[in-house]
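Work through these exercises with the structure open. Each task is followed by a solution in steps.

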Amino acid sequence: MNQGYKNIDDLFRNEFKDFELDPPEHVWENVKNSIPGSGTNNSFYRFRYGGIIGLSSILILAGLFSFMDFSKTTDVNTNAVTLNSAIEVTNSQVQEPETGASDRENVAIVDFTNDVLESSEEVQTQTVETNKNILEIENSISGNSDTENNLITKNTSPANDLNATVSSFIPDTDSESENEDNLLAMADGTEHMLVTSLPGTHESNVKSSEFNENQSDGSVENDMNPSEPSAPEFKSDYGKKGNIMLGLSFTPEITFFPSDNKLTNQSYSVDGSVIYKFSGYLLQSGVGVQFASDDGNYKVDYQKFLGTYEDVYNVTFDTTASGVVPVYHTQTVEVYDSISRVTLTPTKNKYTYLQIPILFGYGEDYKRISWFVKGGPSVAILINEGQPSVNFDSGNNRVLNYENELPARINTNWSFVFSAGVGYKLGNHISITLEPTMRFYMKSAYERNVVTTKHPYSLGIRTGLLFGF
Amino acid sequence: MYSEAELIGRCLKNEPKAQAQFYKLFAPKMYGVCFRFAKNKMEADDILQEGFIKVFFNLKSYRGDGALEGWVRRTIVNTAINYYKRNLKYQNDLEIEKADTMHSADNGILDTISVNDLINLIHELPVGYRMVFNLNVIEGYTHKEIAEILNISENTSKSQLSRARQSLQAKVNKLNTIVY
């Protein structure tokens with residue numbers, strides 16, 4: 001019976017010793033689609049759809065902010081038209097011949113420009129001439145607009161803004177009719193000028209207020225040539241040539257793996273970026289280095305050392321005088337337990353990635369504060385991988401095998417980055433930024449999770465400095 | 001064609017050409033292994049696919065101590081074992097039929113049986129018997145190892161092997177009757 005079993009065993013063993021079968025083609029197709037290198041991995045398609053969604057989001061946001069900006073401009077235009085209407089009324093009243101009402105209005109106008117006129121009585125008796133003086137004085141005030149935006153006066157009354165605004169719209173002319181015509185012409189052109197001046201308004205205000213503080217004696221200085229036309233020069237960011245900023249940032253990040261919470265890990269990255277700003281939009285790229293690590297275990301298979309014995313591997317016989325003497329040739333043989341044991345030893349794998357993002361976004365500046373949103377694809381390339389050797393003192397035991405339980409990381413991974421942040425100007429050319437960032441990975445950073453619909457994502461806070469030029 | 005060392009190196013660099021060559025080199029033999037462990041062709045396909053994905057991902061852990069084929073084979077066998085364990089709760093072993101005869105078969109007769117016949121015989125075995133028979137007789141695992149791997153006692157492993165042998169012996173004899 002035993003012989004029969006032996007034959008059965010031999011039969012199967014011999015037949016299956018070199019048994020081969022051609023596997024179906026689809027197996028290799030599935031295998032290569034699941035491993036890095038051969039397969040398409042559908043990452044291109046995922047990236048494509050992710051990119052479309054991301055880009056669409058950015059464009060929608062940018063469009064939304066543009067629309068909000070337009071609404072704000074319309075409100076200002078409405079105010080401007082109302083203001084110009086008031087100016088027209090005032091001028092028409094000024095042109096009326098020596099009436100009490102006209103005089104009172106002129107006095108009011110002169111009051112608006114107090115500290116400028118020397119005598120209100122002179123104005124009361126010379127209505128037309130006063131009107132000219134008003135224009136001249138106001139033009140002389142607006143002459144300072146060459147340095148900054150026409151809002152230069154010590155007047156602290158609420159009418160100051162109105163006064164300054166009026167002065168900025170009044171051209172240098174000696175003629176009443178020309179003055180009126182110009183006012184009307186300016187009124188026609190107001191919308192354009194206000195629209196174009198909007199983005200730089202806060203900046204101008206800051207500078208003008210600084211200027212006013214310098215006027216300690218309350219007088220309005222005008223070192224400009226009075227005869228020189230004082231056509232207002234509006235500074236605007238709109239449509240102007242883009243500027244470039246350089247950034248240096250540090251980003252701590254936590255990466256979450258929905259498919260396996262144990263893989264959640266932290267990383268740090270340092271990057272240098274170049275940002276090109278044009279009309280509120282921004283385009284950013286750069287190079288960063290990310291440092292990540294994984295905590296895990298080595299699984300060590302070993303066999304316990306039990307002892308040794310002397311194995312006789314050869315016997316020779318020496319013929320001596322006393323007869324034939326056997327000589328035993330031995331070797332020491334170590335004996336191990338046939339049952340293998342498993343132990344876990346902790347280890348930490350370290351990875352260094354090179355990151356290259358291309359981000360597109362939109363942002364606005366308000367005095368010292370600015371905000372921005374941006375997003376785009378980013379590629380991370382594994383440039384260094386550090387796997388410490390197993391830290392296991394086997395002693396006399398025999399290590400059969402050790403295996404790092406941590407899954408290997410893939411070499412290249414694409415992600416989509418979205419961030420929204422704020423900046424604060426520390427100086428004319430330097431800003432500090434704080435930028436919460438979300439990164440959505442196209443596929444797992446680990447090789448073992450090749451078939452998953454749960455994509456990893458990371459949350460981080462990017463802080464850095466921006467240097468403007 | 002790359003040498004074995006070069007092939008491993010290139011596979012570790014994820015070179016598609018090397019990966020394809022690696023697969024072509026080992027897949028037929030490993031598919032044979034899978035086919036023995038599996039219940040049918042579909043299961044064999046699944047085990048081979050899962051096994052080779054593991055092979056490629058864990059190739060860096062191959063230290064070159066033994067033959068590469070042996071390492072790949074061990075990975076494939078482990079995959080088959082895991083596959084068996086995963087699907088254990090869905091298995092419904094049939095009572096093995098008693099051996100019709102305990103007589104040994106003639107060696108000359110055994111030589112006439114084709115490998116396909118043997119595959120069919122193995123596929124007819126209950127899954128537990130098939131696992132033990134494959135692991136012990138073909139792969140050379142001891143009963144202790146089988147007991148640890150399959151979470152069964154050594155005696156269970158021995159008895160299952162014994163019954164598997166009886167069953168196969170009976171089937172071979174039947175086959176022999178049909179042949180002659």
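A crossing is left-handed if the near helix is turned anticlockwise from the far one by less than a right angle, and right-handed if clockwise. The model used here is predicted.

**Exercise 1. Describe how α1(B) and α2(B) cross, and name the handedness of the crossing.**

Step 1. Locate the helices. Helix α1 of chain B covers residues 4–12, and helix α2 of chain B covers residues 16–37.
Step 2. Take the geometry. The two axes come within 8 Å and cross at roughly 125°.
Step 3. Classify the angle. It makes α1(B) oblique to α2(B).
Step 4. Assign the hand. The crossing of α1(B) and α2(B) is left-handed.
Step 5. List the contact. α1(B) supplies L7(B), R10(B) and C11(B), while α2(B) supplies A18(B), Q19(B), Q21(B) and F22(B).
Step 6. Sort these residues by class. Four are nonpolar, two polar and one charged.

**Exercise 2. Find where N14(B) lies and decide whether it is buried, partly exposed or exposed.**

Step 1. Place the residue. N14(B) sits in the loop between α1 and α2 of chain B.
Step 2. Check the backbone. Its phi is positive, about 60°, although N14(B) is not a glycine.
Step 3. Recall the background. Most residues other than glycine have a negative phi.
Step 4. Count neighbours. N14(B) has 18 other C-beta atoms within 10 Å. Buried needs 20 or more and exposed needs 12 or fewer, so N14(B) is partly exposed.

**Exercise 3. Do the same for K367(A): which loop holds it, and is it buried or exposed?**

Step 1. Place the residue. K367(A) belongs to the loop between β4 (323–366) and β5 (369–386) of chain A.
Step 2. Check the backbone. Phi of K367(A) is near 50°, again a positive value in a residue other than glycine.
Step 3. Count neighbours. With 11 other C-beta atoms within 10 Å, K367(A) is exposed.

**Exercise 4. Summarise the fold of chain B: how many helices and strands does it have?**

Step 1. Count elements. Chain B has nine helices and zero strands. Its pattern along the sequence is α-α-α-α-α-α-α-α-α.
Step 2. Estimate burial. Of the 180 residues in chain B, 37% are buried.
Step 3. Look at contact range. Take contacts in chain B between residues at least 6 apart in sequence; 65% of these join residues at least 24 apart.

**Exercise 5. Show which side of α6(B) is buried.**

Step 1. Name the buried residues of α6(B). They are L118(B), L121(B) and I122(B).
Step 2. Look down the axis of α6(B). The buried residues fall within an arc of 95°, so they line one face of the helix.
Step 3. Turn to the face away from the buried side. There α6(B) carries the exposed residues N116(B) and N120(B).

**Exercise 6. Analyse the side of chain B that touches chain A. Which element gives the largest share?**

Step 1. Size the contact. It takes 37 residues from chain B and 36 residues from chain A.
Step 2. List the elements of chain B giving two or more residues. These are α2, α3 (41–57), α5 (107–111), α6 (115–124), α7 (127–138) and α9 (154–179).
Step 3. Pick the main contributor. α2(B) gives the largest share, eleven residues.
Step 4. Sort the chain B side by class. It has 21 nonpolar, nine polar and seven charged residues.
Step 5. Zoom in on P28(B), which lies in helix α2 of chain B. P28(B) touches E20(A), L21(A), D22(A) and P23(A). P28(B) is partly exposed, with 14 other C-beta atoms within 10 Å.

Definitions and conventions. Residues are numbered from 1 along each chain as its sequence is written. Chains are lettered from A and ligands numbered from 1 in the order in which they are written. This is a predicted model: local features need pLDDT of at least 70, side-chain atom pairs count only at pLDDT 80 or more; totals for chains, interfaces and linings use all residues. Helices (H or I, at least four residues) and strands (E, at least two) are DSSP runs, numbered from the N terminus. Two residues are in contact if their C-beta atoms, placed from the backbone, lie within 7 Å. Axes are lines fitted to C-alpha atoms, for helices over the stretch in contact, and angles run from 0 to 180 degrees between N-to-C directions. Angles under 35 degrees count as roughly parallel, over 145 as roughly antiparallel, 65 to 115 as roughly perpendicular and the rest as oblique. Ala, Val, Leu, Ile, Met, Phe, Trp, Tyr, Cys and Pro count as nonpolar, Asp, Glu, Lys and Arg as charged, and the others, Gly among them, as polar. The arc is that of the directions from the helix axis to the C-beta atoms. Lists of a residue's contacts leave out its neighbours within four places in sequence.
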